[in-house]
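Hi,

Here is the structure I promised to send over. Have a look at it first, and then read on for what I found.

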Amino acid sequence: MSSPTAGGGSGLSIDEEETAETRIRRLISEHPLIIFSRSSCCMCHVMKKLLVTIGVHPTVIELDDHEFASLPRSPSHDTLISSQNLSPAVFIGGTCVGGLESPVALHLSGHLVPKLVEVGVLLV
């Protein structure tokens with residue numbers, strides 16, 4: 001797991017004894033808006049740009065392919081989030097809102113901004 005590319009704070013420390021799953025769950029709980037990304041993923045870049053355009057600066061953590069298997073289950077999926085079905089993985093308020101399509105759909109329907117306001121990452 002590499003260093004974050006945006007955001008900051010004490011919650012980004014790495015404890016070598018933590019498993020990838022424990023570290024990911026801790027980061028999700030400590031950051032109201034977090035994206036798990038890959039540097040080579042164009043969809044991750046699009047998601048980051050969308051959020052910055054809205055006016056928020058998410059915490060972004062770049063994961064290796066094998067670390068994507070450690071992401072927690074999405075409430076709407078019965079399978080673990082994996083590199084094959086979710087990149088980027090966007091969490092708002094501790095809940096997975098999906099990869100790129102779901103957050104974009106939320107934005108187009110007018111529900112993304114209120115959700116970001118609700119978790120305190122966007123002031124209106």
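A quick definition before anything else: by a nonpolar core I mean a set of buried Ala, Val, Leu, Ile, Met, Phe, Trp, Tyr and Cys residues joined through side-chain atoms within 4.5 Å. Keep in mind too that this is a predicted model.

With that in place, the largest nonpolar core has 16 residues, and those touching the most other members are L33, M47, L51, V90, I92, L112 and L116. Strand 2, helix 2 (42–54), strand 4 and helix 4 each contribute at least two residues to this core, with helix 2 giving the largest share, four residues. There is also a second, separate core of twelve residues, and L27, I34, F68 and A89 are among its members. Nonpolar side chains do tend to be buried together in soluble globular proteins.

I92 is a good place to zoom in. Leaving out neighbours within four places in sequence, I92 contacts P32, L33, V97, L112, K115, L116 and V119.

Next, the hairpin. Strand 4 (residues 89–92) pairs with strand 5 (residues 95–98) in the antiparallel sense, over three bridges. V90 has G98 as its bridge partner in strand 5. Two residues lie between the strands, and G93 in the turn has a positive phi of about 60 degrees.

Strand 4 also comes up with helix 1. The buried residues of helix 1 (residues 20–30) are R23, I24, R26, L27 and I28, and they pack against strand 2 (33–37), strand 3 (59–62) and strand 4.

Now the cysteines: how many disulfides does the structure hold? Zero. C42 has its closest cysteine sulfur in C41, but at 5.6 Å that is too far for a bond. For C44 the closest cysteine sulfur is also in C41, at 3.2 Å, and this too is too far, because a disulfide needs the sulfur atoms within 2.5 Å. As for their surroundings, C42 is exposed, with a relative accessible area of 53%, whereas C44 is buried at 0%.

Finally, confidence. The chain has a mean pLDDT of 82, with 77% of its residues at 70 or more. Helix 4 (residues 112–118) has the highest confidence, at 97, and strand 1 (residues 4–6) the lowest, at a mean of 45. Residues 2–10 have pLDDT below 50, and this stretch has 16 contacts in the model beyond near neighbours in sequence. Residues 77–84 also stay under 50, with 20 contacts beyond four places in sequence.

Cheers

Methods
Residues numbered from 1 in each chain as written. Predicted model: local features only at pLDDT ≥ 70, side-chain atom pairs only at ≥ 80, totals over all residues. Heavy atoms only, no water. Pairing = 2+ DSSP bridges. pLDDT = per-residue confidence, 0-100. Contact = heavy atoms within 4.5 Å. Buried < 20%, exposed > 50% of the residue type's maximum accessible area, 1.4 Å probe, protein only.
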